[in-house]
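Thanks for sitting down with me over this one. Let's go through the model together, one question at a time.

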2 protein chains.
Amino acid sequence: MSKQLTEMLKGTLEGIVLAILSGRPAYGYEITAWLRDQGFSDIAEGTVYALLVRIERRGLVDVEKVPSEKGPPRKVYSLNAQGREYLEEFWRNWSFLAERLEQLHEGGN
Amino acid sequence: MSKQLTEMLKGTLEGIVLAILSGRPAYGYEITAWLRDQGFSDIAEGTVYALLVRIERRGLVDVEKVPSEKGPPRKVYSLNAQGREYLEEFWRNWSFLAERLEQLHEGGN
DNA sequence: TCAGCTATTTAGTGTTGCTATGTACTAGTA
DNA sequence: TACTAGTACATAGCAACACTAAATAGCTGA
């Protein structure tokens with residue numbers, strides 16, 4: 001992962017994961033695979049798990065342990081009411097930032 | 001500043017400042033004032049100065065000391081060739097990230 | 001038995017923006 | 001003179017975050 005993108009991910013990766021969970025419950029390994037699929041090619045396994053622990057500790061998600069046929073049990077996360085609220089705030093902040101940057105990008109050429 | 005936005009600024013603030021400098025040379029106090037004007041209301045004075053020191057150390061900008069009529073001399077920064085290259089890379093990374101997030105935002109409703 | 005995939009955890013590191021404070025120069029004013 | 005306020009920059013210490021690296025654990029097929 002380029003260093004720039006790594007720094008940009010701070011704060012936004014959390015929003016990305018919450019947005020994924022707003023669509024459907026998911027577990028860490030699955031989320032990591034999906035992110036890699038989407039072009040976040042070198043996303044670190046540990047990064048996602050640490051993030052999941054954080055948002056759980058903050059009460060943004062509910063967790064359920066579900067047995068897997070292919071390995072150790074999965075920890076399936078789903079967004080709860082508080083998480084949904086937090087996600088909305090994230091979108092507001094993101095939109096604000098994206099607008100400012102778009103202006104700069106257009107003006108810059 | 002909301003905690004979310006603070007985290008999002010990590011990595012992007014650098015791009016924002018470089019983008020400003022790509023338009024015209026500027027000094028720290030001026031940049032801070034402009035940011036506040038643009039809605040980054042609580043941006044910390046020290047944050048911008050530290051950032052400027054960093055991008056100078058990395059050779060992305062040239063610096064010139066210019067006397068001010070109203071206070072101590074200004075350090076005027078201007079983007080150099082290396083900085084322009086770095087800024088282009090920033091825009092590529094930003095576009096990548098923004099696209100992914102836009103998809104998530106649309107799909108999420 | 002052992003390699004390989006699935007699945008999670010965690011200690012340690014570097015980078016970043018923020019807090020808080022200090023310094024320095026000028027002009028206005030009481 | 002002494003003070004206040006605006007302009008302008010610098011920096012030590014902190015918290016949060018993504019990454020590195022390595023470990024653990026369950027299952028399957030050769």
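**Two chains and two DNA strands**

Reader: Before we start, what kind of model is this?
Author: Happy to say it up front. Please read everything below with this in mind: the model is predicted.

Reader: In what order do the elements of chain A run from the N terminus on?
Author: Start with the inventory: the secondary structure of chain A comes to four helices and three strands. Read from the N terminus on, these elements follow the order α-β-α-α-β-β-α.

Reader: What share of the residues in chain A is buried?
Author: For a sense of scale, the C-alpha trace of chain A spans about 55 × 30 × 20 Å along its principal axes. Among contacts in chain A with a separation of 6 or more, 49% are between residues 24 or more positions apart. Of the 109 residues in chain A, the buried share is 29%.

Reader: Which element gives the largest share of the side of chain A that touches chain B?
Author: The contact involves 28 residues of chain A and 28 residues of chain B. On the chain A side, the elements giving two or more residues are helix H1 (3-23) and helix H4 (81-107). By class, this side of chain A divides into twelve nonpolar, twelve polar and four charged residues. The largest share, 13 residues, comes from H4(A).

Reader: What kind of axis relates chain A to chain B?
Author: Laying chain A on chain B takes a turn of 180° and a shift of 0.0 Å along the axis, with an RMSD of 0.1 Å. The same surface serves both copies, as 100% of the contact residues of chain A recur in chain B. The turn and shift of that superposition give the relation of a two-fold axis.

Reader: Which residues come nearest to DNA strand C?
Author: Look at the elements that each supply at least two residues of the surface near DNA strand C: helix H2 (28-37), helix H3 (45-57) and strand E3 (74-79) of chain A, with helix H1 (3-23) and helix H3 (45-57) of chain B. The residues of this surface divide into 13 nonpolar, nine polar and nine charged. Of the 31 residues around DNA strand C, the ones that come nearest are A:Gly28, A:Gly46, A:Gly71, B:Gly46 and B:Thr47.

Reader: And which residues come nearest to DNA strand D?
Author: Here H1 and H3 of chain A each supply at least two residues of the surface, as do helix H2 (28-37), H3 and strand E3 (74-79) of chain B. The surface near DNA strand D has 13 nonpolar, nine polar and ten charged residues. Of the 32 residues around DNA strand D, those that come nearest are A:Gly46, A:Thr47, B:Gly28, B:Gly46 and B:Gly71.

Reader: In chain B, which residue of E3(B) does B:Lys65 stand opposite?
Author: Chain B has an open sheet of three strands in the order E1-E3-E2, with antiparallel pairing. Its edge strands, each pairing on one side only, are strand E1 (26-27) and strand E2 (61-66). Six bridges join E2(B) to E3(B). Opposite B:Lys65, in E3(B), stands B:Lys75.

Reader: How far does H3(B) reach from its first C-alpha to its last?
Author: H3(B) has 13 residues, and at 1.5 Å a residue the expected reach is 18 Å. After this helix comes B:Gly59, with a positive phi near 75°. From its first C-alpha to its last, H3(B) reaches a span close to the expected one, 19 Å.

Key
Residues numbered from 1 in each chain as written. Chains lettered and ligands numbered in written order. Predicted model: local features only at pLDDT ≥ 70, side-chain atom pairs only at ≥ 80, totals over all residues. Contact = placed C-beta atoms within 7 Å. Nonpolar A, V, L, I, M, F, W, Y, C, P; charged D, E, K, R; others polar. Near = placed C-beta within 6 Å. Least-squares fit on C-alpha atoms with pLDDT ≥ 70 in both. Buried ≥ 20, exposed ≤ 12 C-beta atoms within 10 Å, placed from the backbone. Pairing = 2+ DSSP bridges. Expected span 1.5 Å × (residues − 1).
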